[in-house]
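This report is for a reader who has not met this structure before. It goes through cavities, strands and charged pairs in turn.

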Amino acid sequence: MPTGSRANALGSIERSRRSAAITQGLERTPNRAILRAVGFSDADFVKPIVGVANGFSTITPCNAGLDRLAAYAQSALRGAGVMPQTFGTITVSDGIAMGTEGMKYSLVSREVIADAIETVCNAQMMDGLLAIGGCDKNMPGALIAMARLNIPAIFVYGGTIKPGRYRGEDLTVVSAFEAVGARCAGSMSDDEVGQIERRACPGKGSCGGMYTANTMSAAIEALGMALPYSSTVAAEDLTAVLGAAEAARALAAAIQHDLRPRAILTSAAFQNAIAVVMALGGSTNAVLHLLAIAHAAGVELRLQDFETMRRRVPVLCDLKPSGRYATVDLHAAGGVPQVMKLLLANGLLNGDSPTVTGRSIAENLSGVASRPPVDQRVIRPLENPVHPHGHIAVLQGSLAPDGAGLGDKVGLVTDGRFSGGSHGLVVGHVAPEAAAAGPIALVENGDTIVIDAAAQMLDLRVPHEVMASRRARWQPPGLRVTRGVLAKYARTVSSASFGAVTDL
């Protein structure tokens with residue numbers, strides 16, 4: 001039944017139930033009694049019910065300001081004739097977990113978030129969903145749930161942190177990581193490290209460069225599942241809460257018009273998101289997450305799609321971690337809509353793709369200039385890009401027959417993932433993984449590995465007979481954890497080449 005019709009049908013269903021209850025000598029059905037206890041009145045039972053998935057927590061600054069946004073969203077939903085019901089979702093901080101056993105739970109948290117949102121919305125028969133998130137896995141987790149549920153939905157980003165300052169330079173959380181590295185190399189004093197650590201994260205919001213959180217918020221805006229300009233707003237600015245209220249009103253309209261996520265999350269929408277990630281110089285983790293969201297939406301998306309787009313789209317934005325500027329600078333320069341308009345004007349974006357606003361991408365961008373403002377340095381024109389091609393290359397070869405992501409300087413090859421703040425010559429998500437008997441399991445000290453980005457090659461230069469001998473001796477590793485969340489995840493998770501989903 002279409003959602004708009006469902007809202008009207010709810011009234012007739014409740015009237016029938018009440019008549020039956022009165023006939024039986026009862027005045028209320030149990031579900032109405034329960035809902036009255038959380039604030040429903042007689043008039044509210046015929047309104048659409050919207051789940052507000054709130055990722056608020058004080059575990060990380062990314063999510064510490066979300067309660068404020070949730071309050072504004074709830075008020076706006078009520079004003080639009082919709083009944084909000086708020087529930088919590090989890091978050092973990094990669095920045096805190098990094099370098100510890102806790103980091104093993106990072107990607108797992110994406111699935112926990114998706115499963116939690118799906119569970120609540122389906123169990124309570126929600127008519128719509130407004131999800132509010134801040135940290136890395138909140139965004140893909142929420143979008144996976146939206147795609148599975150396919151009820152009208154919108155994502156509200158908690159916003160980015162403002163940069164710290166030290167000696168005339170902007171700081172982000174990665175500045176603290178790099179300071180530790182510099183101290184270990186002997187090029188920075190303990191006092192300097194302390195000064196940077198105290199200033200790197202001055203308030204609430206997600207990591208301030210184009211790391212995973214800001215990359216995924218931008219990708220969601222490009223997909224059409226969030227409002228224009230919402231993905232780069234500063235968490236502590238008034239525009240963040242006003243945007244949450246605007247998103248609530250947009251969701252109410254989407255419910256009225258039965259506009260559902262799978263009508264928005266099309267193949268063209270994912271191509272748009274990939275183009276924007278390339279233009280921004282975004283996190284390699286976007287590959288993993290977009291593959292997972294596409295899987296949930298029933299859209300075919302392949303690693304080769306990222307490589308195809310990399311060849312077409314240049315890096316247009318000079319953003320941290322590999323560039324100079326923070327995400328708040330991108331917002332001031334026109335935000336993601338300005339980047340999208342540049343791509344659209346040059347035939348690199350599908351303007352017909354629908355969005356949660358009820359308008360197409362091209363319609364949303366109609367008032368945006370075709371060239372970036374001349375008084376800023378964050379967004380480059382296409383004729384003068386930061387790099388002539390996208391920065392995330394998909395490599396294949398004898399070490400990674402199923403593919404990976406790539407930076408540009410320091411050699412790191414792993415079948416696991418790494419922080420969205422990583423930059424340099426980093427190759428992650430090598431597939432098949434070692435645990436699945438991939439060639440990376442057979443690498444030994446002294447082997448030669450060739451990384452050739454231009455040729456899209458990642459080769460292990462070991463003779464076939466030697467590899468055959470190693471494979472004959474190889475034994476699959478046993479699970480290090482046999483119970484709990486990690487054990488369940490290990491038994492169900494797919495390869496990174498499929499998005500590391502757990503329902504393949």
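What volume does the second largest cavity have? The model is a predicted one, and in it the second largest cavity has a volume of about 70 Å³. The residues that line this cavity are Glu221, Gly224, Ala226, Pro228, Pro337, Met340, Thr355, Ile361, Asn364 and Leu365. By class, this lining divides into 6 nonpolar, 3 polar and 1 charged. Two helices, α16 (335–345) and α17 (361–364), each supply at least two residues of the lining of the second largest cavity.

**The largest pocket**

The largest pocket holds about 1,400 Å³ of space. It is lined by 30 residues, and the closest to its centre are Asp415, Ala435, Tyr489, Ala490 and Val493. The lining of the largest pocket has 19 nonpolar, 6 polar and 5 charged residues. Helices α5 (106–123) and α19 (484–492) each supply at least two residues of that lining. The most comes from α19, which gives 4 residues.

The loop between α18 (464–473) and α19 contains Pro477. With a relative accessibility of 54%, Pro477 counts as exposed, because the cut-off for that class is over 50%. Along the chain, Pro477 and Ala435 are 42 residues apart, and their C-alpha atoms are separated by 6.7 Å. Ala435 is also one of the residues closest to the centre of the largest pocket.

**Strands β1, β2 and β3**

Strand β1 (residues 49–54) runs parallel to strand β2 (residues 83–88), and 6 bridges join the two. Within this pairing, Ile49 stands opposite Met83 in β2, and Val52 stands opposite Thr86 in β2. Together with helix α3 (residues 66–79), β1 and β2 make a right-handed β-α-β unit.

Strand β1 also pairs with strand β3 (residues 128–133), in the parallel sense and over 5 bridges. Here Val50 stands opposite Gly128 in β3.

Are the residues of β1 mostly covered or uncovered? The strand is mostly covered, with 6 of its 6 residues buried. Ile49, Gly51 and Ala53 point one way from β1, while Val50, Val52 and Asn54 point the other way, and all are buried.

**A buried residue in helix α10**

Helix α10 (residues 238–256) contains Ala248. This residue has a relative accessible area of 0%, so it is buried, the cut-off being under 20%. The C-alpha atoms of Ala248 and Ser353 are separated by 21 Å, and the two residues are 105 residues apart along the chain.

**Salt bridges**

Side chains of opposite charge can pair when their charged atoms come close. How many salt bridges does the structure hold? The structure holds 23 salt bridges. Three of the pairs are listed here with their N to O distances.

| Side chains | Distance, N to O |
|---|---|
| Arg165 and Asp170 | 2.6 Å |
| Arg302 and Asp305 | 3.7 Å |
| Asp318 and Arg324 | 2.6 Å |

The accessibility of these residues can be taken pair by pair. Arg165 has 46% relative accessibility and counts as partly exposed. In the pair of Arg302 and Asp305, Arg302 is partly exposed, with a relative accessible area of 46%. Its partner Asp305 has a relative accessible area of 13% and is therefore buried, as the class takes in values under 20%.

In the pair of Asp318 and Arg324, Asp318 is buried, at a relative accessible area of 8%. Arg324 has a relative accessible area of 47% and is partly exposed.

Which residues are linked in a network of salt bridges? The network is made up of Glu444, Asp447, Arg470 and Arg473.

Methods:
Residues numbered from 1 in each chain as written. Predicted model: local features only at pLDDT ≥ 70, side-chain atom pairs only at ≥ 80, totals over all residues. Heavy atoms only, no water. Pairing = 2+ DSSP bridges. Right-handed = clockwise from strand over helix to strand, strands pointing away. 1 Å grid on protein atoms, 1.4 Å probe; cavity = no way out; pocket = protein on both sides within 12 Å on 5 of 7 lines; lining within 4 Å. Points joined across faces, edges and corners; volume = space filled by probe spheres on them. Nonpolar A, V, L, I, M, F, W, Y, C, P; charged D, E, K, R; others polar. Salt bridge = Lys/Arg side-chain N within 4 Å of Asp/Glu carboxyl O. Buried < 20%, exposed > 50% of the residue type's maximum accessible area, 1.4 Å probe, protein only.
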